[in-house]
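Me: Please walk me through one part of this chain up close, and set it against the chain as a whole. I'd like to follow it on screen as you go.
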Amino acid sequence: MAAHKNTGAAGSTAEAGGETVAAGAVGSDDYALARVPRDKRLGFWTMLLQWLAQSGSISQFTLGATIGVGMTFGDAFLAFTLGAVILEVVIFAIGLAGMREGLATPLLTRWVGFGRNGSALVSLVISISLVGWFGVQNTIFGESVSSLVGGPPWLWCAVAGLAITVLVIFGFRYMAVFAKIVTPLFFAMVAWSVTDALGDHSLSELISSPPPGETIPLAVAATAIAGGYMTGAIVSPEMTRYNRKGSHVFLQSASSMILSEYIVGLTGVLLGHMVASSQVSHIVLSTSGVFGVLVVLMSTAKINDWNLYGSSLGVVNFFQVVFGKRLHRGAVTVALGVAGTALSAVGIMTHFTDFLSVLGVAIPPVGGIIVAEYWVVRRTRGPLDATRAAGTLPAGSPTWVPMSLVIWAAAFCVGKFYDGGIPALNSLLTAFVLYCVLGFAGWIRPYGTTTLDDRPADAGPAPAATGTASVGAP
């Protein structure tokens with residue numbers, strides 16, 4: 001998975017880290033259109049730090065404080081428990097599929113519920129959502145650092161966005177190294193700030209104190225907790241495809257939930273009780289000056305690198321399906337990172353949060369269909385089973401699965417327009433139930449077969465069909 005090097009004339013290919021890549025390619029392609037080989041998977045502790053890196057952010061403290069303003073500590077504990085259980089079930093069911101197949105969500109959906117063309121729609125929705133949130137998070141970073149140390153927000157947006165882009169260009173292994181460095185440092189620095197802030201108050205009194213603001217219903221709080229990370233749960237295969245064992249997926253994701261919900265989230269609840277406000281970021285960022293900037297930078301980077309990474313994988317699959325163009329993931333990352341950074345620097349991205357929230361309801365049904373097809377119905381996943389042991393991709397995939405698109409649209413409408421419960425969960429469960437019922441009724445039928453050709457555009461004529469697509473597809 002090392003950075004690709006220019007080893008010959010333009011148009012030639014070379015082997016790098018087990019991947020066949022075009023010479024002169026930028027960064028790592030990270031098996032964007034291939035299974036991650038078993039010998040390229042990473043160990044338990046390396047992957048655990050990647051998971052934990054997603055657990056703590058300034059926004060999670062703010063979410064906890066928002067809930068704490070309107071709930072007792074005990075009720076907040078129940079809300080975070082409900083949210084954590086929902087997320088863990090979704091993450092494990094989808095993430096385990098990604099680990100077994102070594103595939104990210106956009107590519108997985110070619111054989112799991114959607115077919116080749118349907119996977120392009122999935123990729124487009126996921127890519128727009130993730131790169132949009134990359135820009136929004138980058139804007140938050142720029143404004144936060146500007147308030148801490150001065151300077152124009154656009155400058156800090158540019159610094160952070162370009163730095164994260166450079167990191168993501170070189171792929172998963174470099175992101176893993178980054179997580180090893182910043183995760184312990186981030187939590188140590190935040191713990192210092194929070195401990196100092198809570199040191200002058202009685203924890204027992206904060207825990208037993210009534211909510212200082214207007215009461216928040218349990219369902220509303222659980223909606224905020226589970227719905228806020230549901231998109232991340234659906235794209236968890238982007239990470240779990242590098243896991244070696246299913247037990248690792250469960251232990252690592254559960255550890256992430258415990259840290260995120262019970263430690264970070266409930267600490268935010270205590271801070272909300274302490275200051276009677278959800279505006280607690282100044283407490284978490286009380287390590288002023290350079291250290292404050294580092295806290296914000298690490299908080300943003302640990303989340304935002306995955307937003308950009310997941311978006312790049314979706315774009316690669318989309319272009320290959322729709323335009324027949326095999327783009328290199330590193331080059332796609334450059335384009336997305338520069339665009340997201342530029343839009344955040346000029347302040348445009350914050351105007352799209354409502355649109356991104358709508359996409360947030362559109363993505364959970366994809367997860368429901370994946371879980372239903374992969375673990376229950378099993379109408380289209382057969383080719384993956386046949387090629388898994390060889391570590392190759394099937395030579396072809398269904399072209400369309402029309403009923404999946406109907407289910408997706410119906411589930412989206414339930415999540416968007418039904419007011420009860422948790423919208424993201426409502427849409428996910430609706431898709432799961434409909435797919436199972438219609439699948440066993442024989443209504444889930446793939447139409448057409450598309451032969452895969454995921455080689456680089458400059459790799460020359462396609463070889464004779466052999467029944468599988470090469471793992472080395474760049």
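Reply: Happy to! One term before we start: a contact here means heavy atoms within 4.5 Å. Keep in mind, too, that this is a predicted model. With that definition, residues 24 or more positions apart account for 84% of the chain's contacts that have a separation of 6 or more. The chain has 474 residues, and 56% of them are buried. Its secondary structure consists of 20 helices and six strands.

Now zoom in on helix 6, which covers residues 153-169. Its 17 residues should span 24 Å at 1.5 Å a residue, and the end C-alpha atoms are indeed 24 Å apart, so expectation and model agree. Which residues of helix 6 are buried? They are Cys157, Ala160, Gly161, Ile164, Thr165, Leu167, Val168 and Ile169. When you look at how they are placed, it helps to recall that an α-helix has 3.6 residues a turn, so residues three or four places apart point the same way. Just past the end of helix 6, Gly171 adopts a positive phi of about 90°.

For a view of the outside, turn to helix 5, residues 115-149, where you will find Leu124. Leu124 has a relative accessible area of 35%, so it counts as partly exposed. It belongs to a nonpolar surface patch with Ile128, Leu343, Val346, Ile348, Phe352 and Phe355, and together these residues offer about 570 Å² of accessible area. The accessible surface of the chain comes to about 18100 Å², with 68% of it belonging to carbon and sulfur atoms.

Key: Residues numbered from 1 in each chain as written. Predicted model: local features only at pLDDT ≥ 70, side-chain atom pairs only at ≥ 80, totals over all residues. Heavy atoms only, no water. Patch = residues over 30% accessible without salt bridge, like charges linked within 9 Å, V, L, I, M, F, W, Y side chains within 5 Å. Areas by Shrake-Rupley, 256 points an atom, 1.4 Å probe, with all protein chains shown as cover. Salt bridge = Lys/Arg side-chain N within 4 Å of Asp/Glu carboxyl O. Helix = DSSP H or I, 4+ residues; strand = E, 2+ residues; numbered from the N terminus. Buried < 20%, exposed > 50% of the residue type's maximum accessible area, 1.4 Å probe, protein only. Expected span 1.5 Å × (residues − 1).
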